[in-house]
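Q: I'm new to this one and would like a close look at a single part, with its surroundings filled in as you go. Could you walk me through it?

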Amino acid sequence: MAVDRASQMLLSEGARHWREVGREMTSVHQDLTQPQGQNPRNAQRVQDAEQQCELLVIGAGSAGIAAAAAGQRAGAKVTVIERERPGGASLWTGTVPTKALIAAARAAHLMRTADRFAITPVEPQLNFGELMRGIQDRVSAAAPTEPSGALQRLGVDVVAGAARFTGPETIMVGDVSYRFSRAVIASGTAPAMPPIPGLVECNPLTVTSFWELRFLPEQVTLIGGGPTGCEFAQALARLGSKVRIIELADRLLPREEPEASEMIAERLRSEGVEVLTGTAVRRAISYAHHQQLIIAGPDGAEPVTIESGRIMVTAGRRPVTVGLDLPRAGVFLNEQGYIAVDDRLRTENRKVYAAGDAVGDRPLASLAELDGEIAATNAVSGRSRIARHELGPQVVFTDPEIGRIGHTEMSARVGLGDWLRVRKSSGRIDRAIAENEPSGLTKIISNGHGRMVGATVISPRAGEVITELATVLQRGGRIADLASVPHAYPTWSDALWHAAMDDQAERQTAPTGRTAVLRRR
Ligand SMILES: Cc1cc2nc3c(=O)[nH]c(=O)nc-3n(C[C@H](O)[C@H](O)[C@H](O)COP(=O)(O)OP(=O)(O)OC[C@H]3O[C@@H](n4cnc5c(N)ncnc54)[C@H](O)[C@@H]3O)c2cc1C
Ligand SMILES: NC(=O)c1ccc[n+]([C@@H]2O[C@H](COP(=O)([O-])OP(=O)(O)OC[C@H]3O[C@@H](n4cnc5c(N)ncnc54)[C@H](O)[C@@H]3O)[C@@H](O)[C@H]2O)c1
């Protein structure tokens, strides 16, 4: 069967095969969608039109692949429907290629700033086309190591095409109908396009189309200063573009600690990026050879017109639900437009679960994988596992990196109220001194029982450092535990240990016990 051939192809090793699978799937899909009579294979298809499957997964991104692997491990026969390429946004346009771009940009930055190590600095010569080809090679190389490796061994059926619900237990792909016992929707997100008049006519770049560029734009204006905007702003500036970043909120990275926003804005400015916060883009205008933006600053000043260079939209993501015909399945969206689920990831249709970015919350590849696994095991084995996203660390891969787990100070005050303790230290540890790195930040927020509820680390490799705290939080979050574990010296993780030790010392020396050192709000 053609679909089985596609599935067989998926089992084969290597990045090139992924592309071939994509092409093969496209042709399978074309076969399936051609009018009957033009293709004899369709006659057979229509005869056994309704396929039965135990667990049907829509989307083969991080969440879908994890769901399929977990479902198959739990004993179900799993079918995955994917309309583009298995791997999803994380592999092809998001997590993996951005980190490859950032690594190249960092090399350029080190060359330019080598004088801080008494090495003659040089202005790097960039071959952008070669860089982009190299990034694609690295993405392809990462493909077999994605969780899809598990699918390869487990023998999940993979069907190419776009899934659409036709009822509470049925979906269509092309003209083939599938009846499922359980389903997991893992359809992900796509770049959001803010409703700015004239923007679409300017054909702005997005994180999806960026990877098709063959020349580095001389000038780029990024609209949106979240993680994507900040990572791209720094990388593009380091590679040699003249970069401007416009953020609607009054600071970059508005979901992070204000100290993180400040440090990143300062660093970006020092590397030549123009940072405009509290700024609204009123209109975009496309001319034959250039583009302009009309922007309005925070102070109620008159709007001004600026030359934008190439525009890139990094203003967030929107869930991919159009075309799924969710109401036919009795699946509904929440107020933000994401698929509404309970904490066990079940939709209002008890047979249908949803996972990953499509359910909103915290759109991260690591959490999408966790979601996928939980949704599939709950669906197949009737368990009631809860997705605890607060235990998942997240990282903004700027330089310095910003690692966070759990609450920020602000969200802790709103969410937990009284008896918060905030321990801040500059991160001026021996490793930073040895490497001549400027100070960073370690901020640990704990409750009155000495248990951590959130932390932010700003330093080189903060992504590795923060992950240690996931284990601490999982085991109850006692800061005393963190302080009691020797940390290798001199490492960046040392900053955590110092912060924990300071916290312990302060608690013990508080003259009148708890109230003396805790701030009541
Ligand atoms: C620029 C950028 C950088 C990022 N960096 C990081 C990072 O450093 N760390 C991190 O943890 N996360 C990062 N992320 C987030 C991460 O990429 C996402 O959280 C992750 O991809 C979500 O996985 P998902 O499976 O939920 O959705 P997706 O990866 O979007 O997969 C959804 C899949 O469903 C398919 N699909 C949709 N509709 C249908 C349909 N009707 N029928 C069949 N198939 C369908 C799509 O084709 C797609 O393959 C980044 C994202 C971006 C954009
Ligand atoms: N390192 C990482 O883990 C990483 C990196 C990139 C993206 N991601 C994930 O992908 C998701 C999307 O990231 P993102 O940065 O694209 O989106 P985001 O929603 O996190 O940030 C978008 C930013 O754009 C701003 N914005 C929105 N409309 C605007 C407008 N009209 N003008 C100016 N600014 C505007 C918002 O205020 C916000 O700060 C994130 O939630 C994140 O989880 C993760």
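A: Let's start where two domains touch: five residues of domain 2 are in contact with eight residues of domain 3. On the domain 2 side of that contact, you'll find two nonpolar residues, three charged ones and no polar ones. Keep in mind that this is a predicted model. The C-alpha centres of domain 2 and domain 3 are 32 Å apart. As for where the domains run, the domain assignment puts domain 2 at 200-315 and domain 3 at 400-511, while domain 1 is pieced together from 51-87, 143-191 and 319-389.

Now on to ligand 1. Its shell counts 37 residues, and G59, G61, G88, G188 and G356 are the ones that come nearest. Sorted by class, that shell holds 17 nonpolar, 16 polar and four charged residues. Several elements chip in with at least two residues each: helix 4 (62-73), strand 2 (78-82), helix 5 (88-92), helix 6 (95-112) and helix 12 (365-381).

Helix 6 is worth following a bit further, to its meeting with helix 7 (residues 128-142): the two axes come within 9 Å and cross at roughly 135°. That angle is neither over 145 nor in the 65 to 115 range, so helix 6 and helix 7 count as oblique to each other. The crossing of helix 6 past helix 7 is right-handed. Helix 6 brings V96, P97, A100, L101 and A104 to the contact, and helix 7 answers with L131, I135, R138, V139 and A142. By class, the residues in this helix 6 and helix 7 contact come out as nine nonpolar, one charged and no polar.

Technical notes
Residues are numbered from 1 along each chain as its sequence is written. Chains are lettered from A and ligands numbered from 1 in the order in which they are written. This is a predicted model: local features need pLDDT of at least 70, side-chain atom pairs count only at pLDDT 80 or more; totals for chains, interfaces and linings use all residues. A residue is near a molecule or strand if its C-beta atom, placed from the backbone, lies within 6 Å of it. Helices (H or I, at least four residues) and strands (E, at least two) are DSSP runs, numbered from the N terminus. Ala, Val, Leu, Ile, Met, Phe, Trp, Tyr, Cys and Pro count as nonpolar, Asp, Glu, Lys and Arg as charged, and the others, Gly among them, as polar. Domain bounds come from an automatic or database domain assignment. Two residues are in contact if their C-beta atoms, placed from the backbone, lie within 7 Å. Axes are lines fitted to C-alpha atoms, for helices over the stretch in contact, and angles run from 0 to 180 degrees between N-to-C directions. Angles under 35 degrees count as roughly parallel, over 145 as roughly antiparallel, 65 to 115 as roughly perpendicular and the rest as oblique. A crossing is left-handed if the near helix is turned anticlockwise from the far one by less than a right angle, and right-handed if clockwise.
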